[in-house]
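Let's take a walk through this structure, starting with how one chain is divided up and then zooming in on a pair of helices. Keep the viewer open as you read.

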Amino acid sequence: MPQVYLDNNATTPIHPEVKQAITDGLDLFGNASSEHFLGQAARKAVEDARKKVAALVNAKPAEIIFTSCGSESNNLVIKGVTCQDIICKSEASKPGKHIITTQIEHPSVTNPIKSLERQGFKVTWLPVDQYGLVDPGLLSKAISKQTVLVSIMTANNEIGTIEPIAELAKIARGHEVYFHTDAVQAAGKLEIDVKETGVDFLSLSGHKLYAPKGVAALYIREGVVVCPVLQGGHQERGLRGGTENTLGIVALGKACEVAIRDREKNIERLWKLRERLRKGILEKIPEVVINGHPEKTLPTTLSATFKFIEGESILLRLSSKGIAVSTGSACSSGSLEPSHVLLAIGLPHELAHGTIRFSLGFENTDADIDYTLEVLPGVIQQLRDMSPLWPGSKK
Amino acid sequence: MIYNEKVIDYFQNPRNMGEMPDADAVGEVGSPVCGDVMKIWLKINKEGVITDAKFKTFGCASAVASSSIATEMVIGKHVNEARKMSNRDVVDALGGLPEHKIHCSVLAADAIHRAIDKYLGIAVEEDKDVEYLCKCQKITRERIEEAIAHGAYTVEMVAEATGATKGECGGVRCKPLIEDILDLYRPRKKKEAN
């Protein structure tokens, strides 16, 4: 049975060249903080990787901090900017206690902000339109002298919609408010230029761009002061204590190098595959809704709602045929509430329950799409035949 | 995998799936908004014995498996016997369900009860006087059970869904009562393990 992996937004396989870089780096066991030759070999590997990560987003190497995951990068920004420690020189010293974010962020942004909300911060949760786009006009209205941070994702993980980050960051800059963007789902897939967009912080993660899990990065614009969350040694300019994850960092550096080299080619190829999948689904299956923006979207993400049936059933039936996808809802992960993103774009509950996310990666081929389009219509029909809601069954 | 092999088997190869045009009793429960709808058809002979059962389900794997196995369990039973079937019997027959999927078994048992009650002519709305389980917030037992059927499996989740326990008394009166109701729906094995 073929195996087709269409869950690359959850995590990506490790790129063969990244695997090689890890293998080559296995003997770099020295502590990058040690002054002897073994430590310095590790230091050099870490700093080389930093240059490559910086190049991916057009930053200076000194503006990149390595962390353990995208969630840590997001937490570092949100908690670091709002830190209340009296010795801090961060934005916390500003009297403002207002944060602006959106209704479609990842939980690693939403939950730290909710925690601050409980601690007395005022939070504006910007809505999105039917495509998942944030209206810059609403940001302009919400932002004030009290605002200390705006956090808006570059591209949405569930529906792929790409936000107008440059325009949004410009508004924040006009008010001298820090702007953070969670680019975990976009980095390596889209061209990202922090100088052009003018963001102050940008999060990215290794395992979404063909590096392993356990390594990520945060861009912090030169001159911006934040407090560390993981306090400890002087590593990463004192912003992230803990001995550097040399192997992970080397892998992330390699993955960024490959991403820069292959980006154009991949974007073009993945767009074609996504379009084939989208058109194929719409041709072969009735009563389907495609979610997200028709153009302003990641080439890797396709969110589709199959009416009258439930997402987890689709996922498990596809899985038994060797196709790995994800539900748009959090149902299978323990919560029975449908996805906050799908509800935010105005999808009714019953449709949100029937949503599947197909997410593509560099390994996907035309044959993968052929096989998916061969299997999917049958799976959908079987489940609809089983559904008391399917009108086709009421003769 | 969050499900055991038996649940997956009943999901992948559902028994008794389909409609029954000449059914003697039909029960439908759930709502598309909550992500589960179950419809169960029963054929009942003159002696009151269920001779055939069919189902259709909109929902997740455990909802399909619960309704499928529930139809198997009632075939051959007298309606009085089948009416005693609880959600725990469904969970046990499936060899267990994840805690956050217990509500699927509740719906399956409810669908059977609904069909039989209608067949026997028992009024579905049998609550005579409205008695509030959470007196401060004026919340009925029925509302609590509905929240459980829609996925709440802890007192906190019931509180979140209904507003119970959040009144003046802070849940002093109703928390133990809600615990008792939750206990009724929890799988037996789990309780013994505690």
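Start with the overall layout of chain B: the domain assignment splits it into domain 1, covering 5–120, and domain 2, covering 132–193. Keep in mind that this is a predicted model. If you take the C-alpha centres of domain 1 and domain 2 of chain B, they sit 24 Å apart.

So how do the two domains of chain B meet? On one side, 13 residues of domain 1 are in contact with 10 residues of domain 2. Looking at the domain 1 side of chain B, the elements that give two or more residues are α4 (87–93) and α5 (102–120). Of the elements there, α5(B) gives the most, with five residues. As for chemistry, that side of domain 1 of chain B is a mix: five nonpolar, four polar and four charged residues.

Now stay with α5(B) and look at a helix it packs against. Two packed helices are described by the angle between their axes and the distance between the axes. Here the partner is α2 of chain B, residues 61–74, and it packs with α5(B) at an angle of about 40°, with the axes 8 Å apart. Because of that angle, α2(B) counts as oblique to α5(B). The crossing of α2(B) past α5(B) is right-handed.

Which residues make the contact? From α2(B) come B:Ser62, B:Ala63, B:Ser66, B:Ser67, B:Ala70 and B:Val74. Facing them from α5(B) are B:Cys104, B:Ser105, B:Leu107, B:Ala108, B:Ala109, B:Ala111 and B:Ile112. Sorted by class, this contact of α2(B) with α5(B) has nine nonpolar and four polar residues, with no charged ones.

Definitions and conventions
Residues are numbered from 1 along each chain as its sequence is written. Chains are lettered from A and ligands numbered from 1 in the order in which they are written. This is a predicted model: local features need pLDDT of at least 70, side-chain atom pairs count only at pLDDT 80 or more; totals for chains, interfaces and linings use all residues. Domain bounds come from an automatic or database domain assignment. Two residues are in contact if their C-beta atoms, placed from the backbone, lie within 7 Å. Helices (H or I, at least four residues) and strands (E, at least two) are DSSP runs, numbered from the N terminus. Ala, Val, Leu, Ile, Met, Phe, Trp, Tyr, Cys and Pro count as nonpolar, Asp, Glu, Lys and Arg as charged, and the others, Gly among them, as polar. Axes are lines fitted to C-alpha atoms, for helices over the stretch in contact, and angles run from 0 to 180 degrees between N-to-C directions. Angles under 35 degrees count as roughly parallel, over 145 as roughly antiparallel, 65 to 115 as roughly perpendicular and the rest as oblique. A crossing is left-handed if the near helix is turned anticlockwise from the far one by less than a right angle, and right-handed if clockwise.
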